[in-house]
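Here are a few quick exercises to work through with the model open in your viewer. Try each one yourself before reading its solution.

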Amino acid sequence: MTAPAWYNDGKKLFEGETYAFDFIKLVPLSDHMNYMLMEDPYGIRHLVPYEFYLRYNLQPGDVVHCRVDKINCTGRVYLEPAHPQYQTGSVERFSYVGISQEKQKDGDNDTEYSVLVVADIFGNEIRVDMPAGYSVEPVNGSVLCKIEGFKKGKPLLSLSLPDQEA
């Protein structure tokens, strides 16, 4: 999907692509949240919630590389600033927090499954689905996980199986 500018000269942002945005300033809105006013390469301005990216140490005046995550049916563009430490597709060590047993409703039945809980460099707890019968052995208190992407400043992870380890 693409989002044309309202004064479109063929200038479009494309979902999944990364662009350099200028962080213009912080804007407090009536919802009691601060937003980063970001200007795209075509001069169009976008608002990005600041609270998810506080630990990125972004400051007005910075050039921030953002991935266009989604463009909805009304043309609103959702941006995900590049993480300062991690890259999509890389395999990294995350601090082991524990394993949680979850229940999922499947019609009239409850299905129980295991979820690995790890923490990233900022201390955010992240849940990682575990295949049935898979056990995790933390090495020095950490577990290898593959970074599939990012959402609201947190990595989306999958277990790094032995043949994927870096």
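**Exercise 1.** Work out how much accessible surface the protein has and what share belongs to carbon and sulfur atoms.

*Solution.* Start with the total: the accessible surface of this predicted model comes to about 10200 Å². Then split it by atom type, and carbon and sulfur atoms take 47% of that surface. Now go residue by residue, with buried meaning under 20% relative accessible area. On that cut-off, 36% of the 166 residues count as buried.

**Exercise 2.** Find out what the secondary structure consists of, and how far apart in sequence the contacting residues lie.

*Solution.* Count the elements: you get twelve strands and zero helices. Reading along the sequence therefore just gives β-β-β-β-β-β-β-β-β-β-β-β. Next, take the contacts between residues at least 6 apart in sequence; 49% of these join residues at least 24 apart.

**Exercise 3.** Put the strands of the five-stranded open sheet in order, and explain why one side of each edge strand lacks a neighbour.

*Solution.* First, lay out the order: β5-β4-β3-β6-β7, with antiparallel pairing. Next, look at the ends. β5 (45-49) and β7 (77-81) each have a single partner strand, so one side of each has no neighbour in the sheet. Finally, check the twist, which averages 50 degrees from one strand to the next.

**Exercise 4.** Zoom in on β4 and β5: how many bridges join them, and which residue of β5 partners Leu-37?

*Solution.* β4 covers residues 34-39 and runs antiparallel to β5, with five bridges joining the two. Follow Leu-37 across and you land on its bridge partner in β5, Leu-47. As a reminder, strands of a sheet pair through backbone hydrogen bonds.

Methods
Residues are numbered from 1 along each chain as its sequence is written. This is a predicted model: local features need pLDDT of at least 70, side-chain atom pairs count only at pLDDT 80 or more; totals for chains, interfaces and linings use all residues. Side-chain values use heavy atoms; hydrogens and water are left out. Two strands pair if DSSP finds at least two bridges between them. Helices (H or I, at least four residues) and strands (E, at least two) are DSSP runs, numbered from the N terminus. Axes are lines fitted to C-alpha atoms, for helices over the stretch in contact, and angles run from 0 to 180 degrees between N-to-C directions. Buried means under 20% relative accessible area, exposed over 50%, partly exposed in between (1.4 Å probe, protein chains only). Contact means heavy atoms within 4.5 Å. Accessible areas come from the Shrake-Rupley method with a 1.4 Å probe; for residues, only the protein chains shown count as cover.
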